[in-house]
Amino acid sequence: MIGAGWRRARAGWPGLRAVAGAAACGVVVASGQAPLGWWWAALPALAAFVHLVAGAARGRGWIAWFGGAGYFAAALAWIVEPFLIAPEIHGWMAPFAVVFLSFGLALFWALAAVAARGRFAALGFALGLTVAEFARAHVLTGFPWAMIGHVWIGHAPAQLAAMVGPFGLTLFTLVAAALLAARRLGLAVLAVAMVGAAFGFGAWRLAGPEPAPRAALLRLVQPNAEQGLKWDPDQARLFFERQLSFTAAGARPDLAIWPETAVPYLIDEYPEVARRIAEAGRGNPVAVGVQRVAGWQYWNSLAVIGQGGRIEASYDKHHLVPFGEYIPFGDLLYDWFGLVAFAAQQGNGYSPGPGPAVLDLGGDLGKVLPLICYEVIFPQDVRAAPERADWMLQITNDAWFGTWSGPFQHMAQARLRAIEQGLPLVRVANTGVTAVVDARGRVLDQLPFGEPGYLDAPLPGALPPTVYARWGDGPVILLIGLLMAGLWVAGRRTSA
């Protein structure tokens, strides 16, 4: 039986040249992601990859799997950085993290190859891969990082996201690649026309009238606390004092903002810490990243501290990082078997908050949708807010992600959320990227990366709700379903 299974696997193997070529294409497609943003290299490489899969006589799943692995290995190379914070302890795990994550995520791409059949195999694979990317964003809490459509962030076609969201942007990219993969002049011209039209639409939208800024001055505080020193008692005190001094400097802002877990002390247990923050705010609120505790449970939180150290508003992060902030099913293991080691309810990891929330800060500050770190990569969570906010606020600690690609990809996804919703987004990061983004995803101002400092900036205004803000992913899902049904009917007629 084993020998028969091995022979079947060998019979379906497409050959080393095919899988190596697919992996190389995947690496080039990844150049479209931040910080490079080379869409002009990514799109032809994506077309070559689609051609390899759709044109293969056998082993399409293998080709798609290795192509996806090459893509994710290049795009997510920053995943090694957390293991290098203490390399003598965790460094040995870094290569395994890259390999397992890359090939694991690429399984979604391998499954998409099932749709690459018949006369319209390239278009079928494009549709299947869009569905696979949607699944990747939702299955097992989802991981929509480095989506194919992200290659347009920072370029005019990204404005399409205001109409069709990130998955519509991915569908557009893959259909253009499939047309190029067909290697027919007419279809290639159509692909070029599609991309040209997207640039035209983006330029038109970017040239639209600017919403009036709100009459509120924000101060974005960037302490630049290295991750390896962040929780050292002496260094933590230094970083805390640095943030206090930045908050108290110069003209008084309407709201000062510190990054994720910026306060190294539990303000629930040490109220004098909150009073010192309030004194630095000089009568105006300060929004800070804290850890909240109740009994044995901890939450990764944002607290808005007002006069006298009173907490005027708060938010608990609800979409946590699996294996980073909690262990999946850890609480169930405790409830069922009494295993304490993985249980967030016993202090071993963070507990999730109740869900998205909008905080009313009053006056010119208006209503804000808080997002803590990882939460900004989930468009469905942003749309799940109980009401439309006036602006979005992301606090994060990207020191975990190194200095090359991770923080900049994280920032790019924040910009896409602004485009999708038509809302400005303020991003405050420990080491950077700390920036103010307008309602069309443009960076208005930012602090230098990897340097301590603060930035005073007016709060940008919002646009009316976008098509995507109103309708979400439903129209794109319906379109994919109709296109797949059309391909199925066309395939039946061709084979008849």
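In the predicted model, V290 stands opposite S301, a residue of strand 4. This pair belongs to the antiparallel pairing of strand 3 with strand 4, which are joined by nine bridges. The hairpin formed by these two strands has two residues between them, and in it G295 adopts a positive phi near 65°. Strand 3 covers residues 286-294, and strand 4 covers residues 297-305.

Strand 4 is also joined to strand 5, again in the antiparallel sense, by five bridges. Two of the residue pairs across this pairing can be named: I305 faces I311 of strand 5, and L302 faces Y315 of strand 5. The hairpin of strand 4 and strand 5 has five residues between the strands, and G308 takes a positive phi near 75° there. Of the nine residues in strand 4, seven are buried, so the strand is largely enclosed by the rest of the structure.

These strands belong to an open sheet of six strands, arranged in the order 5-4-3-2-1-12 with mixed pairing. The edges of the sheet are formed by strand 5 (311-316) and strand 12 (453-458), each of which pairs on one side only. On average, and with direction ignored, neighbouring strands of this sheet are turned by 35° against each other. Helix 10, comprising residues 233-248, lies across four strands, namely strand 1 (217-222), strand 2 (255-257), strand 3 and strand 12. Relative to strand 1, helix 10 runs at about 155°.

A further open sheet is built from six strands in the order 6-7-8-9-10-11, and its pairing is mixed. Strand 6 (359-360) and strand 11 (443-446) are its edge strands; each has a single partner strand, so one side of each is left without a neighbour in the sheet. At one edge, strand 6 pairs with strand 7 (residues 367-372) in the antiparallel sense over two bridges. In this pairing D360 has K367 of strand 7 as its bridge partner. Strand 11, at an edge of the sheet, is joined by three bridges to strand 10 (residues 435-437), and the two run antiparallel. Across this pairing V436 stands opposite D445 of strand 11. The hairpin of strand 10 and strand 11 has five residues between the strands, and its residue G441 has a positive phi near 85°.

Among the helices, helix 7 spans residues 121-136 and contains E133. E133 has a relative accessibility of 0% and therefore counts as buried. Its side chain takes part in a polar contact of 3.1 Å with the side chain of W109. A polar contact of 2.9 Å links the side chain of E133 to that of R136. When residues up to four places away in sequence are not counted, E133 touches F72, W109, A146, M147, I148, F167 and T170. W109 thus appears both in this set of contacts and as a polar partner of E133.

A135 is also located in helix 7. Its relative accessibility is 23%; because the limit for a buried residue is under 20%, A135 counts as partly exposed. E133, by contrast, is buried. A135 is separated from L416 by 281 residues in sequence, and the C-alpha atoms of the two are 19 Å apart in space.

Taken over its full length, the chain contains 16 helices and twelve strands. Its radius of gyration is 24 Å, which agrees with the value near 23 Å for a compact globule of 496 residues. The C-alpha trace spans about 80 × 60 × 35 Å along the principal axes. Of the 496 residues in the chain, 52% are buried. Among contacts with a separation of 6 or more, 70% are between residues 24 or more positions apart. The accessible surface of the chain amounts to about 21400 Å², and carbon and sulfur atoms account for 65% of this surface.

Note on methods. Residues numbered from 1 in each chain as written. Heavy atoms only, no water. Buried < 20%, exposed > 50% of the residue type's maximum accessible area, 1.4 Å probe, protein only. Polar contact = N/O pair within 3.5 Å; in protein donor to acceptor, adjacent residues only side chain to side chain. Contact = heavy atoms within 4.5 Å. Pairing = 2+ DSSP bridges. Axes fitted to C-alpha atoms, helices over the stretch in contact; angles between N-to-C directions. Rg over C-alpha atoms; globule rule 2.2 N^0.38 Å. Areas by Shrake-Rupley, 256 points an atom, 1.4 Å probe, with all protein chains shown as cover.
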